[in-house]
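Colleague: Could you pick one part of this model and take me through it closely, residue by residue? I would enjoy a connected walk that also shows how that part sits among its neighbours.

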Amino acid sequence: ATSINYKLIDVAGKLDEGEKINYSSMINNLSLNFKEGTATTKIACLDWLIFIYKRISATSMLEFNDGIFYILLQSMSDEDNRVISKSLALLSCICANGKNDSYFSNFVYKVLDLLKKDIDILKTRASFILRQLCLQLGAERIYKITSLTLDKWDKSDMTFIQLVIQIMSTDLITAPDLKALRKKLKKNEDWTFFSIIFKCWCYNSSSLLYLCLISENYELAYHLLQILVEQDMIESSTLIQIDVLVQYLESPVFAGLRMQLLEHQKYPYLYKCLFALLMILPQSKAYEILNNRLSSVIKLVSVTSASTSNTLSSSASSSPMLKTEHSVSTRSLSVNSTSSRSITQNSFQFNDLLEYFRNVTMSLNDECAEGNDENNMPIIRTNSSKQEPAKNITKQSVSNRVSSMSKVYEPVIPMTPV
């Protein structure tokens, strides 16, 4: 039946375009068959709709938008992934190359509304739907429109907003199809796009950290952690997601970040951010993983700092003017070096983002104080990780934390040659 269907489509494609065909009747029949048909029938209906769309002009297709919109929306809740993929191929035909932006924005809103009403679809299918949309219509476009839609969403649905943001951020790190988007974020060339994603993801602080680390805005990430601590927003849900983040840091996606640990003078805020995470985490497996990673590069950083200090000391011995410069540079070797991130170089934009995040955390904090935390600040768990309970506070655990913290200052101790 599938083979015959494709042959019929091929035959129909060879008909003279001047011949009059009652497309309205065809679309109505396809809609009825789609509603009551099996997965194979639904795929056949979608193949015919794609054919019809390519056959007639976009303006002529507008009169059928309501019927096609219904088919697209219904397919999102289908159990067969082939139906979802084929329906998004149809959507791609309708909205490709920036066409019908309002139609597409409305579709994204309706899909999000569908996910909100059916929590099972949200947990089991949302990630697949998001990746397929990115594959068909471009990851940047999908993330931008979805973030704009969520930003305007009713904030009484904070549980839903946070969960969708978590799915988006997890896909950003793990999905191979989003590699191009990760590269774009690392370049930090599109301030508008980054700002849209950042402001939406402020409602899920852990996802916001993912974004800053993926885009290599380490100074921004460090200050976000400071605000979270200042606003007393480190909760069990935050610790669970930081635990997951530490595991992601060991994945291939963050291989570049781990290599940057070897360039402590170029990326000082990367060190400060990771050590801040270490101080926030309880004594757990995630703490040990991150502590081991940082410990593995501290010795190299110390040797590099000693070598730099020796070079400066040798120069200072031959020039009195350099003595003062040497004392200043050795004290601030790893702290005052300039990061190459373009976004954080603009202090106005940098402060604007931090102020926006501070206002969001304050509003969420106020809602918690009013007793709405049960609905608005849920503990969001993932299937990939479970938060381990913190170890009992002992002299050994305190000693471990003090020892790890002392490593932050090792690179900046001046080394005087013998």
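**From a buried glutamine to an enclosed helix**

Modeller: Happily! Let's start at Q132, which touches S85 and L88, leaving aside residues up to four places away in sequence. Please keep in mind that this is a predicted model. Q132 belongs to helix α8, which covers residues 119-137. The residue counts as buried because its relative accessibility is 13%, under the 20% cut-off. C134 is buried too, at 6% relative accessibility.

The two partners of Q132, S85 and L88, lead us to helix α6, residues 81-95. Helix α6 also packs against helix α3, residues 39-55: the two axes come within 9 Å and cross at roughly 10 degrees. That angle makes α3 and α6 roughly parallel. The contact draws on many residues: A39, K42, I43, L46, D47, L49, I50, Y53 and K54 on the α3 side meet R82, V83, K86, S87, A89, L90, C93 and I94 on the α6 side.

Before we move to the main stop, a word on the whole chain will help. The protein chain has 23 helices and 0 strands, and 49% of its 418 residues count as buried. Among contacts between residues at least 6 apart in sequence, 75% join residues at least 24 apart. The largest nonpolar core holds 121 residues, and within it L91, Y143, F198 and W201 touch the most other members.

Two of those core residues, F198 and W201, are among the buried residues of helix α12, and that helix is the part I would like to dwell on. It covers residues 191-201, and 8 of its 11 residues are buried, so the helix is largely enclosed by the rest of the structure. The buried set is made up of F193, F194, S195, I196, I197, F198, C200 and W201. At the start of α12, a side-chain oxygen of D190 comes within 3.4 Å of the backbone nitrogen of T192.

W201 deserves a closer look. Leaving out residues up to four places away in sequence, W201 touches Y143, S147, I165, M168, S169, L172, S207, L208 and L211. One of these partners, Y143, is also among the residues with the most contacts to other core members.

Next to W201 in the sequence sits C202, which is buried at 2% relative accessibility. What about disulfides? A search of the whole structure finds 0 of them. C202 is in no disulfide, and the nearest cysteine sulfur, that of C200, is 8.7 Å away.

Now let's step back along the chain to what precedes α12. The loop between α11 and α12 contains N188. Most residues other than glycine have a negative phi. N188, however, has a positive phi, near 55 degrees. This asparagine is buried, with a relative accessible area of 7%.

Helix α11, residues 179-187, in turn packs against helix α10, residues 158-174; their axes come within 8 Å and cross at roughly 95 degrees. The two helices are therefore roughly perpendicular to each other. On the α10 side the meeting involves D171, L172, I173 and T174, and on the α11 side L181, R182 and L185. L172 is worth remembering here, since it meets α11 and also touches W201.

In the other direction we come to helix α13, residues 205-214, where S205 is found. S205 is buried, with a relative accessible area of 16%. Setting aside residues up to four places away in sequence, S205 touches L228, T238 and F357.

Beyond α13, the loop leading to α14 (218-230) holds E216. How does its backbone behave? E216 has a positive phi of about 65 degrees, although it is not a glycine. At 11% relative accessibility, E216 counts as buried.

For contrast, let me end with a residue that is not buried. N106, in helix α7 (residues 101-117), is partly exposed, with a relative accessible area of 37%. The C-alpha atoms of N106 and T149 are 9.3 Å apart, while the two residues are 43 residues apart along the chain.

How values were computed
Residues numbered from 1 in each chain as written. Predicted model: local features only at pLDDT ≥ 70, side-chain atom pairs only at ≥ 80, totals over all residues. Heavy atoms only, no water. Core = buried A, V, L, I, M, F, W, Y, C linked by side-chain atoms within 4.5 Å. Buried < 20%, exposed > 50% of the residue type's maximum accessible area, 1.4 Å probe, protein only. Contact = heavy atoms within 4.5 Å. Disulfide = S-S within 2.5 Å. Helix = DSSP H or I, 4+ residues; strand = E, 2+ residues; numbered from the N terminus. Polar contact = N/O pair within 3.5 Å; in protein donor to acceptor, adjacent residues only side chain to side chain. Axes fitted to C-alpha atoms, helices over the stretch in contact; angles between N-to-C directions. Parallel < 35°, antiparallel > 145°, perpendicular 65-115°, else oblique.
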